[in-house]
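Biologist: Hey, could you put the model up on screen? I'd like to walk through it with you.

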Amino acid sequence: MVRIGSHGARRRPDKQAAPFCVGRRRVWVLVFFVFWLISCSRLPVQPGPAAVSPEAAALLAGIERYNRGLETFKGIGSLHLQREDLPRTVRAAWVARLPDRLRLELIGVAGTLLASVLADDDGLLFHHYDSGETYRRRSGTDGLKSIIGVSLQTAEVVFLLGGRIFLDDFRQASVKDGSLLLEGAGGRLRQKIFPAAAGGLRMVERFDESGRCRYRVVAGPYHEVDGFSIPVSIRVTAEGREILRLSVDRFWANPSLTASAFVLDLEENGARQDR
């Protein structure tokens, strides 16, 4: 029965419709619960702590201590590259800020600039002065391969130039025959580090997804600069051939660097490039 008043019509609850409403609410609750379970099953599983053997833990702690203290540096030396557009051996000057900011100048015999490189974790810029061409690239798995011929990330180059030891991400760490083995998910070998007796790096090998050695770096001998061990020579090989060789003539530890140290002014084409 419907009562009509001044405020409109109001319907009394229908007792026969109540079970249907309750059943429909139960269906919606069940659907919501199923979707909640599905969404939970898709949440990323957080990896547990890395498995580190006691011997590896001791080496990792030593590397962490060894890497401390150096924040910025600059140096000059000779660089031997395998590039068709540059002399095989050039003078080089660099400034860097750990972990991954680098400016590298390649200089000809007469002291003229041949090329400039700005690189960081976001990407790189390469300017060739003879051709006037400027090459830009976002960071990727190839790293600085387009510049130096091997897939080294900017942070790896900065650590090498500064005489520090770069550590890749790892899930397992162990020691075999005196070398530190860093493995990723599934036990895949990612990095093999051969520490020097004084705590620096003697040799390091990096491996690709298939377990093949991507490159090998041999560093040393070392000399002391302001309390830091710096390699006099750095040699990189890949697939049995030498890719680059760097001889360090002078090194400055922790110089004061402004933001302009990582800015490249290209007046000839009116462009200002900042990394």
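**Around the last helix**

Modeller: Let's start right behind α4, where G163 takes a positive phi of about 70 degrees. Keep in mind that this is a predicted model.

Biologist: And α4 itself, how many of its residues are buried?

Modeller: 8 of 8, so to speak: the helix spans residues 154-161 and is mostly covered. The buried residues are T154, A155, E156, V157, V158, F159, L160 and L161.

Biologist: OK, zoom out for a sec. How many helices and strands are there in the protein chain?

Modeller: The protein chain has 4 helices and 20 strands. It holds 275 residues, and 39% of them are buried.

Biologist: What about the surface and the contacts?

Modeller: The accessible surface of the chain is about 16,500 Å², with 55% of that belonging to carbon and sulfur atoms. As for contacts between residues at least 6 apart in sequence, 45% join residues at least 24 apart.

Biologist: Holes next. How many cavities of 30 Å³ or more are there?

Modeller: There are 2 cavities of that size. The largest one has about 250 Å³ of space, and 17 residues line that cavity, with L79, I148, V157, L161 and L244 the closest to its centre.

Biologist: Which elements give two or more residues to that lining?

Modeller: Those are β5, β6, α3, α4, β17 and β18. The largest share comes from α4, with 3 residues.

Biologist: And by class, what's in the lining of the largest cavity?

Modeller: It has 17 nonpolar residues, no polar ones and no charged ones.

Biologist: What's the volume of the second largest cavity?

Modeller: About 100 Å³. Its lining has 14 residues, and L160, F166, Q191, L201 and V204 are the closest to the centre. The elements giving two or more residues there are α4, β12, β13 and β14.

Biologist: How do the residues of that lining divide by class?

Modeller: Into 10 nonpolar, 1 polar and 3 charged for the second largest cavity. Note that α4 turns up in the lining of the largest cavity and again in that of the second largest.

Biologist: Switching to strands. What does β6 pair with?

Modeller: β6 runs antiparallel to β7, with 6 bridges joining them. L106 stands opposite A115 in β7. The two strands form a hairpin with 5 residues between them, and G111 in that turn has a positive phi of about 90 degrees.

Biologist: Is β7 mostly covered or mostly open?

Modeller: Mostly covered: β7 covers residues 113-119, and 6 of its 7 residues are buried.

Biologist: What's on the other end of β7?

Modeller: A hairpin through 3 residues takes β7 into β8. That pair is antiparallel too, with 5 bridges, and L118 has L125 in β8 as its bridge partner.

Biologist: Cool. Now β16: which residues point which way?

Modeller: F228 and I230 point one way, S229 and P231 the other, and all are buried. In general, side chains in a regular strand alternate between the two faces of the sheet.

Biologist: Which way does β15 run against β16, parallel or antiparallel?

Modeller: Antiparallel, with 4 bridges. Y222 has P231 in β16 as its bridge partner. There are 2 residues between the strands in this hairpin, and D226 in the turn has a positive phi of about 55 degrees.

Biologist: Any backbone oddities I should look at?

Modeller: Most residues other than glycine have a negative phi, and most peptide bonds are trans. Here, L98 and P99 are joined by a cis peptide bond with omega of about 10 degrees, and P99 is in the loop between β5 and β6. The bond from G220 to P221 is also cis, with omega near 0 degrees; P221 is in the loop between β14 and β15.

Biologist: Which residues have that positive phi near 55 degrees in loops around β18?

Modeller: E239 has phi near 55 degrees and is found in the loop between β17 and β18. N254 has phi near 55 degrees as well, and lies in the loop between β18 and β19.

Biologist: Is E239 buried or exposed?

Modeller: E239 is exposed, with a relative accessible area of 67%. N254 counts as partly exposed, at 35% relative accessibility.

Methods: Residues numbered from 1 in each chain as written. Predicted model: local features only at pLDDT ≥ 70, side-chain atom pairs only at ≥ 80, totals over all residues. Heavy atoms only, no water. Buried < 20%, exposed > 50% of the residue type's maximum accessible area, 1.4 Å probe, protein only. Contact = heavy atoms within 4.5 Å. Areas by Shrake-Rupley, 256 points an atom, 1.4 Å probe, with all protein chains shown as cover. Pairing = 2+ DSSP bridges. 1 Å grid on protein atoms, 1.4 Å probe; cavity = no way out; pocket = protein on both sides within 12 Å on 5 of 7 lines; lining within 4 Å. Points joined across faces, edges and corners; volume = space filled by probe spheres on them. Nonpolar A, V, L, I, M, F, W, Y, C, P; charged D, E, K, R; others polar.
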